[in-house]
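Work through the exercises below with the structure open beside you. Try each task before reading its solution.

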Amino acid sequence: MLTLAPDEILLDQRAASKDEAIALLASRLEAAALVEPGYLAGMQAREAQHATYLGNGIAIPHGTTETRHLVRQTGVRVAQFPQGVEWDDGQKAYLVIAIAAKSDEHLGILRQLTRVLGDEAATERLRTTRDVTEIIRVLSGEGDPLVTGATGRTDGQRELATLAHFPALSLDELLLGAGARAKSLGWLDTQALATLLGAAPLHLGQGVWLARTAAGQAGWLLATPAQPLVTHGHEVNALLLLCANGRGHEAELGRLVELTGAGRLGELARHGLTLLQGEAAPAASQSDGHRATFTIVNPHGLHARPGAMLVKVAKEYEAEIRVANLDGSGEEVNAKSLMKVIGLGVKCGHRLAFRAEGADAGAALEGLGEAIAAGLGEGAGA
């Protein structure tokens, strides 16, 4: 369990870059005698391997396994950056949690942090609060979350969700993140989560693993690591979590069997859960009623500027607009939420599938198509 004291949290900080933010927190870890001098280099090396941005405004910089010997005592230091710190292309961190762990204590920390991933209201409260006890309450798992996550459906049907580019260093960490996300969505209770974490995932082949548990809500969750992993001599490119309740998951299970037989499991990591629902949409732009697919031409994908332009265009229409990255996780998100759109991880050449509902749905798709073709503020053809 992550325990925090008020003097371990820095409110209202400013940093010009993530390097400056990491250096600030590393100095606090060292001043508290939690780490030896030199741990900062380990944190910088870990960041060079892959950014430690978790999502929803939270980053967790920590050292590498090679610098673990510099940790005197497990601990964390937290800094709040209300203005945000550019952590990666198009990603801003508002709460940065520096971790010094002697062994695997950081797994428990990750479990607690995933409670607020996907909860934009909770992120906003963590960014703006001036009360350290509120931050402690959320991060320490005391009491109810600030805002409950999406609740499971009660009509017997299954839900779909993703946990993309999770900064896991092992299959166990990826399973932990997937389980915590499913719990935050209301699919699992504490007992079901404990049962899930106590069982080893099954390797289906081609780097895809399957974990299963009985749950209060049927659902499929696809978790992908930020970087390829290897366990027991097998690659870990994607983890499928099946939360079983009734028979709501059987169609996708049958599709999974088909993909296995056809040797196409490896495509799950790229196309996401759309493969369990049927084939991904073709690459060419197309429109069908109030659905349309457009290809992103921006050389650097949907980073902050073009992402914000896409959201701006979507907000010009009253229609409810959902969008999915067919070359990413395949999860549909609100096209009027910048954090959700940026979280899709859209790169150049990726296909975005839009679905609009409302009186001006057709006009909305036409406007979005024109804006995407024009480069979303970065020039025609970007």
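**Exercise 1. Count the salt bridges, then examine two of them.**

Start with the rule: a salt bridge is a side-chain nitrogen of Lys or Arg within 4 Å of a carboxyl oxygen of Asp or Glu. By this rule the model has 10 salt bridges. The model is predicted, so local features need pLDDT of at least 70 and side-chain atom pairs count only at pLDDT 80 or more, while totals for chains, interfaces and linings use all residues. Residues are numbered from 1 along each chain as its sequence is written, and side-chain values use heavy atoms, with hydrogens and water left out.

Now take Glu 267. Its side chain forms a salt bridge with that of Arg 264, at 2.9 Å from N to O.

Next, check exposure. Buried means under 20% relative accessible area, exposed over 50%, and partly exposed in between (1.4 Å probe, protein chains only). Glu 267 counts as partly exposed because its relative accessibility is 25%. Arg 264 has 21%, so this residue is partly exposed too.

Then turn to Lys 312. The side chain of Lys 312 meets that of Glu 316 in a salt bridge of 3.5 Å, N to O. With 48% relative accessibility, Lys 312 is partly exposed.

**Exercise 2. Find the partner of Arg 355 and trace the network around the pair.**

The partner is Glu 332: the closest N and O atoms of this salt bridge are 2.6 Å apart. The pair links distant parts of the chain, 23 residues apart. Arg 355 sits in strand 17 (residues 351–357), and Glu 332 in strand 16 (residues 332–334). Strands (E, at least two residues) and helices (H or I, at least four) are DSSP runs, numbered from the N terminus.

Widen the view. Salt bridges with shared partners connect Arg 322, Glu 332, Arg 355 and Glu 357 in one network. Within it, Glu 332 is partly exposed at 28% relative accessibility.

**Exercise 3. How many residues of helix 5 are buried?**

Locate helix 5 at residues 132–139. Of its 8 residues, 6 are buried, and the helix is mostly covered. Name the buried ones: Val 132, Glu 134, Ile 135, Ile 136, Val 138 and Leu 139.

**Exercise 4. Describe the surroundings of His 62.**

First, place it. His 62 lies in the loop between strand 3 (58–59) and strand 4 (75–88). Its relative accessible area is 10%, so His 62 is buried.

Second, look for a polar contact (a pair of N or O atoms within 3.5 Å; within protein, one must be able to donate a hydrogen and the other to accept it, and residues adjacent in sequence count only if both atoms are side-chain atoms). One joins the side chains of His 62 and Arg 46 at 3.4 Å. A polar atom of the His 62 side chain also lies 2.7 Å from the backbone oxygen of Ile 60.
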